[in-house]
Amino acid sequence: MGKTSDLTAVQKTIIDTLHKEGKTQKVIAKEAGCSQSSVSKHINRQAKGWKKCGRKKCTSSRDNRTLQRIVTTNPFKNVGEIHKEWTAAGVSASRTTTRRLMKDMGFRCRIPCVKPLLNKKQRKKRLAWAKDKKDWTDAEWSKVMFSDESKFCISFGNQGPRVWRKSGEAQNPRCMRSSVKFPPSVMVWGAMSSAGVGPLCFLRSRVNAAVYQEVLEHFMLPAADQLYGDADFTFQQDLAPAHSAKTTSTWFKDHGIPVLDWPANSPDLNPIENLWGIVKRRMQYARPNNAEELKTTIRATWALITPEQCHRLIESMPRRITAVIEAKGAPTKY
């Protein structure tokens, strides 16, 4: 919670708008994301016509609009590149001013969300699939076993923790993290349903149709017995080449297992993707030294997944489908 002088231009606009609508200061503070005292001081300052004292601004409204256009047009540029382009347009301002004005405009530097690239045909198929499944109930989705592969690395890059250190300790081994050019990694296959998770399979080689059918035989079938017993179920898989091979389709027919039709490039529709995310976040502070220790950590973390967590993820399927329909087949937040 900052002082009145720390309020951004966006927060001040929100406060002024809600105040005109007759909202209470408590409600305004919650909506603007600041303290109630900051709201009160800003309103009183506006009412008394006080002006902010200090040095005159070095940029005009036109300069600020130019900056906003540059940031909006090139959101992946860093501050230095944006400042260089802004000053090239005839604006005289420091890099610090550039950063401050961007913050006042509401811009924040964040890690971008990663979404699959979908062409027009794929979006159309996703939309048609979602419309076909929009009336499915939770009971119907609970009969689906979701599956997927995921890669786990010893080094999790930017997901790792920060370190508290004093000046001059940057090279202290206690404050450093190990880094290798090609960190050891493992590929894992897993399955889940509303009843819980099945056993994991660590893939030792490239997954072709033959390898995938061995995974189905030795891991998917035991998972089905564990999660469904003698009850019927439908198997879900993405459209990877090994999954959609003719020999794989024959394997499913020979075993009498129905396969759910699935749109291409649709990880946002698969709840097991969220389950992989949960496992990786829980492993964030683990420090395995080799691939075997990494496997042990993955197994232990996977075993902590509860049926309740899986059930909640399966229950999200209607919301995922609604989101795809509203987005007209485009990638969604899931």
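Reader: What share of the protein's 334 residues counts as buried?
Author: The share is 38% of the 334 residues. Buried means under 20% relative accessible area, exposed over 50%, and partly exposed in between (1.4 Å probe, protein chains only). The model is predicted: local features need pLDDT of at least 70 and side-chain atom pairs pLDDT 80 or more, while totals for chains, interfaces and linings use all residues. Residues are numbered from 1 along each chain as its sequence is written, and side-chain values use heavy atoms, without hydrogens or water.

Reader: Why is Cys201 called buried?
Author: Its relative accessibility is 5%, so Cys201 falls under the 20% limit. Cys310 is buried as well, because its relative accessible area is 0%.

Reader: How many disulfides are there?
Author: Zero. A disulfide needs a pair of cysteine sulfur atoms within 2.5 Å.

Reader: How many helices and strands does the protein have?
Author: The protein has 15 helices and five strands. Both are DSSP runs numbered from the N terminus: helices are H or I with at least four residues, strands E with at least two.

Reader: Why are H1 and H2 called roughly antiparallel?
Author: Helix H1 (residues 9-20) and helix H2 (residues 25-32) pack at about 150 degrees, with axes 9 Å apart. Axes are lines fitted to C-alpha atoms, for helices over the stretch in contact, and angles run from 0 to 180 degrees between N-to-C directions. Under 35 degrees is roughly parallel, over 145 roughly antiparallel, 65 to 115 roughly perpendicular, and the rest oblique. H1 and H2 are therefore roughly antiparallel.

Reader: Which residues make the contact of H1 with H2?
Author: H1 gives Gln11, Ile14, Ile15, Leu18 and His19, and H2 gives Ile28, Glu31 and Ala32. Contact means heavy atoms within 4.5 Å. By class, the residues are five nonpolar, two polar and one charged. Ala, Val, Leu, Ile, Met, Phe, Trp, Tyr, Cys and Pro count as nonpolar, Asp, Glu, Lys and Arg as charged, and the others, Gly among them, as polar.

Reader: What makes H4 and H6 roughly perpendicular?
Author: Helix H4 (residues 61-73) and helix H6 (residues 95-104) pack at about 80 degrees, with axes 11 Å apart. That angle lies in the perpendicular range, so the label follows. Asn64, Leu67 and Val71 of H4 touch Thr98, Leu101 and Met102 of H6. The contact divides into four nonpolar, two polar and no charged residues.

Reader: Why are H4 and H5 called oblique?
Author: The axes of H4 and helix H5 (residues 79-88) come within 10 Å and cross at roughly 135 degrees. That angle fits none of the other ranges, so the pair is oblique. Asp63, Asn64, Thr66, Leu67, Ile70 and Val71 in H4 meet Ile82, Glu85 and Trp86 in H5. This contact has five nonpolar, two polar and two charged residues.

Reader: What is the phi of Asn265, and where does Asn265 lie?
Author: Asn265 is not a glycine, yet its phi is positive, about 50 degrees. Most residues other than glycine have a negative phi. Asn265 lies in the loop between helix H11 (246-255) and helix H12 (271-282). At 38% relative accessibility, Asn265 counts as partly exposed.

Reader: Is Lys328 buried or exposed?
Author: Lys328 is exposed, because its relative accessibility is 63%. Lys328 lies in the segment after helix H15 (317-326). Its phi is positive too, about 60 degrees, although Lys328 is not a glycine.
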